[in-house]
Amino acid sequence: MVISVSDTFEQKAACERKANINQKRLQKEILKTIKKNGLKPSDVNWNEQGHLELKNSNSLKLHSLMLSMEELGLNLNVTKKTLIEIS
């Protein structure tokens, strides 16, 4: 049996959007920030849906990434999900 608990909230940017950022530029900015935060290329993967998956990353590095996106004036929708497997 698996119990799934999720919580979603929206984090609005505290500043104006810096530029009209398209998907390609956004991906470039995210990858640049990930590299700056010291994540290994093996920890980063684009899945079939076009979502970026981070493996073995810590909360501080993820938080730094989120702050960098807010500095660009981008809003964030954050969903935290916990899966509890009972066997």
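**Exercise 1. Determine where Asn58 lies in this predicted model and whether Asn58 is buried, partly exposed or exposed.**

Solution. Begin with the accessibility: Asn58 has a relative accessibility of 38%, and because partly exposed covers the range between 20% and 50%, Asn58 counts as partly exposed. Next, place the residue in the chain, where Asn58 is found in the loop between β3 and α2. Finally, relate Asn58 to a residue elsewhere in the sequence: Thr82 is 24 residues away along the chain, and the two C-alpha atoms are 16 Å apart in space.

**Exercise 2. Describe helix α2, its span and the elements that its buried residues pack against.**

Solution. Start with the geometry of the helix, which has 13 residues and reaches 18 Å from its first C-alpha to its last, close to the 18 Å expected at 1.5 Å a residue. Then turn to the buried residues of α2, which are Leu65, Ser68, Met69 and Glu70; these pack against β1 (2-11), α1, β3 and β4. Leu67 is also found in α2, but at a relative accessible area of 38% Leu67 is partly exposed. The C-alpha atom of Leu67 is separated by 9.2 Å from that of Ala13, although the two residues are 54 apart along the chain. As a last step, look at what comes after the helix: α2 is followed by Gly73, whose phi is positive, near 85 degrees.

**Exercise 3. Find how many salt bridges the structure holds, and set out the accessibility of the partners in each.**

Solution. The structure holds 2 salt bridges, and the general principle is that side chains of opposite charge can pair when their charged atoms come close.

1. Lys12 pairs with Glu10, and the closest N and O atoms of this salt bridge are 3.4 Å apart. Lys12 counts as exposed because its relative accessibility is 54%, whereas Glu10, at 43%, counts as partly exposed.

2. Glu29 pairs with Lys32, with the closest N and O atoms 3.7 Å apart. Both partners lie in helix α1 (residues 23-36), where they are 3 residues apart and so separated by about one helical turn. An α-helix has 3.6 residues a turn, so residues three or four places apart point the same way. In this salt bridge Glu29 counts as buried, at 16% relative accessibility, while Lys32 counts as exposed, at 53%.

**Exercise 4. Characterise the largest pocket by its volume, its lining and the elements that contribute to the lining.**

Solution. The volume of the largest pocket is about 830 Å³. A total of 28 residues line this pocket, and those closest to its centre are Ile30, Leu65, Met66, Leu76 and Asn77. The elements that give two or more residues to the lining are α1, β3 (52-54), α2 (59-71) and β4 (76-85); of the contributions, that of α2 is the largest share, at 6 residues. Sorting the lining by class then gives 14 nonpolar, 11 polar and 3 charged residues.

**Exercise 5. Follow Asn77 from its place in the chain to its accessibility and its contacts.**

Solution. Asn77 has its place in strand β4 and is one of the residues closest to the centre of the largest pocket. Its relative accessibility is 62%, and therefore Asn77 counts as exposed. Leaving aside residues up to four places away in sequence, Asn77 touches Phe9 and Glu10; Glu10 is the residue that forms a salt bridge with Lys12. By contrast with these contacts, a distance can be given for Ile34, which lies 43 residues from Asn77 in sequence and 19 Å away in space, C-alpha to C-alpha.

**Exercise 6. Summarise the chain as a whole, from its elements to its dimensions, its buried fraction and its contacts.**

Solution. The secondary structure comes to 2 helices and 4 strands, which run β-α-β-β-α-β from the N terminus on. Taken along the principal axes, the C-alpha atoms fill a box of roughly 50 × 30 × 25 Å. Of the 87 residues in the chain, 23% count as buried. For the contacts, consider those with a separation of 6 or more: residues 24 or more positions apart account for 68% of them.

Key:
Residues are numbered from 1 along each chain as its sequence is written. This is a predicted model: local features need pLDDT of at least 70, side-chain atom pairs count only at pLDDT 80 or more; totals for chains, interfaces and linings use all residues. Side-chain values use heavy atoms; hydrogens and water are left out. A salt bridge is a side-chain nitrogen of Lys or Arg within 4 Å of a carboxyl oxygen of Asp or Glu. Buried means under 20% relative accessible area, exposed over 50%, partly exposed in between (1.4 Å probe, protein chains only). On a 1 Å grid over the protein atoms alone, a cavity is a set of points where a 1.4 Å probe fits but cannot get out, and a pocket is an open set with protein on both sides within 12 Å along at least five of seven lines; lining residues have an atom within 4 Å of a point. Grid points are joined across faces, edges and corners, and a volume is the space filled by probe spheres set on the points. Ala, Val, Leu, Ile, Met, Phe, Trp, Tyr, Cys and Pro count as nonpolar, Asp, Glu, Lys and Arg as charged, and the others, Gly among them, as polar. The expected span of a helix is 1.5 Å times one less than its number of residues. Contact means heavy atoms within 4.5 Å.
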